[in-house]
Amino acid sequence: MYPFYKKNELNFSLILIMAYVVSLSLADSLSASLGILKIITAPICILFTVFLLYFIKKLNLWEYYGLCSFQGKLSDYLYFIPLIFILSVNLWNGIAWNTSMLETVLFTISMLGVGFIEEIIFRGFLFKALCKNNIKLAIFISSITFGMGHIINLLNGKTLVSTLLQICYATAIGFLFTILFYKGKSLWPCIITHGIVNSLSILSVNHSSFIRSVITTALLSIIALAYALWIIKKTEKFDDENRDRL
């Protein structure tokens, strides 16, 4: 496994992503067949998380994959305040609690795990493998791949329209998270935001109208893109100063 990773980091990343998508889709299907939300998914997420942490520790890749402190002037990142709007999206239409305590716990464990896993494999493994050749292309592919990955929700009962809307705002948020990681060298702001967004979806009201869904998608996309562009603008001077020192 380690020799394969060192020989071809990109192929390793793609296999990791495929393994994650397939295993989680199967786990969700099995959980649904058993009648208990995330009963299989939660253990799978825990195992996947433990594997990633073990792998990163084994090769001492903590800083390489952003599991380190954030680097940068917090005022240039608006103290991450725009992330609060993004992580609260599932509460915009109100709050509903329709699951048992067991299912809520299993769902929360799963979604926190998904937040961690997806940031590590999309923003960590995939992005870092791609950016060795072309940083702009790496940002684009990482963002698009993250957004398109949500097409799997069609297999889990989501409608085509809701899935397409999710792909749109997930791509915008993926772009923001990639910029945050690229500029700040840490994945923790992305992991925390992603995990909370996922976890709060258990409380979301799902009976929103098409118009409201479109408005929510537009707002999320605008906030994410505007925040990413702000970060790029505010950190240009920092990047120029670093280049001058080289």
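Biologist: In which loop is the place of F80?
Modeller: This is a predicted model. F80 has a positive phi of about 65° although it is not a glycine. Most residues other than glycine have a negative phi. The place of F80 is the loop between α3 and α4 (81–87).

Biologist: Which other residue, one that is not glycine, has a positive phi, near 65°?
Modeller: The residue is found in the loop between α2 and α3. Its relative accessible area is 11%, under the 20% cut-off, so it counts as buried. The residue with phi near 65° is K38.

Biologist: What phi does G35 take, just after α2?
Modeller: Helix α2 covers residues 9–34, and G35 comes just after α2. The phi of G35 is positive, at about 80°.

Biologist: How far does helix α2 reach from its first C-alpha to its last?
Modeller: Helix α2 has 26 residues, and at 1.5 Å a residue the expected span is 38 Å. The model comes close to that expected value, with a reach of 37 Å.

Biologist: Against which helices do the buried residues of α2 pack?
Modeller: The buried residues of α2 include F12, L16, Y20 and L24. An α-helix has 3.6 residues a turn, so residues three or four places apart point the same way. The buried residues of α2 pack against α1 (2–7), α3 (41–58) and α5 (101–130).

Biologist: Which element gives the largest share of the largest nonpolar core?
Modeller: This core has 55 residues, and L52, I121, F125, L176 and L180 touch the most other members. The elements that give two or more residues to the core are α2, α3, α4, α5, α6 (135–148), α7 (160–184), α8 (188–200) and α9 (210–234). The largest share, twelve residues, comes from α5.

Biologist: Which residues does F125 touch, not counting those up to four places away in sequence?
Modeller: F125 is in helix α5 and is buried. Beyond four places in sequence, F125 touches Y5, E9, F12, S13, L16, L52, F55, Y65 and I120.

Biologist: Is the ring pair of Y5 and F12 stacked or edge-to-face?
Modeller: Y5 is buried at 6% relative accessible area, and F12 is buried at 7%. The ring centres of Y5 and F12 are 5.3 Å apart. Their planes stand at 80°, over the 60 degrees cut-off, so the pair is edge-to-face.

Biologist: How many residues apart are F12 and F125, which form an aromatic pair?
Modeller: The rings of F12 and F125 are tilted, with 5.9 Å centre to centre and 40° between the planes. F12 belongs to helix α2 and F125 to helix α5, so the pair links distant parts of the chain. Their separation in sequence is 113 residues.

Biologist: How far from C68 is the nearest cysteine sulfur, that of C190?
Modeller: C68 is buried, with a relative accessible area of 14%. A search of the whole structure finds zero disulfides, and C68 is in no disulfide. From C68, the sulfur of C190 is at 11 Å.

Biologist: In which helix is confidence lowest?
Modeller: The chain averages a pLDDT of 90, and 94% of the residues score at least 70. Confidence is highest in α3, at 97, while the lowest mean, 50, belongs to residues 236–245, helix α10.

Biologist: How many contacts does the stretch 241–246 have beyond near neighbours in sequence?
Modeller: Over residues 241–246 the pLDDT is below 50. Where pLDDT is low, the predicted coordinates should not be read in detail. Beyond near neighbours in sequence, the number of contacts for this stretch in the model is zero.

Key. Residues are numbered from 1 along each chain as its sequence is written. This is a predicted model: local features need pLDDT of at least 70, side-chain atom pairs count only at pLDDT 80 or more; totals for chains, interfaces and linings use all residues. Side-chain values use heavy atoms; hydrogens and water are left out. Helices (H or I, at least four residues) and strands (E, at least two) are DSSP runs, numbered from the N terminus. The expected span of a helix is 1.5 Å times one less than its number of residues. Buried means under 20% relative accessible area, exposed over 50%, partly exposed in between (1.4 Å probe, protein chains only). Contact means heavy atoms within 4.5 Å. pLDDT is the predictor's confidence in each residue, from 0 to 100. A nonpolar core is a set of buried Ala, Val, Leu, Ile, Met, Phe, Trp, Tyr and Cys residues joined through side-chain atoms within 4.5 Å. A disulfide is a pair of cysteine sulfur atoms within 2.5 Å. Rings of Phe, Tyr and Trp (its six-membered ring) pair if their centres lie within 6.5 Å; planes under 30 degrees apart count as stacked, over 60 as edge-to-face and the rest as tilted.
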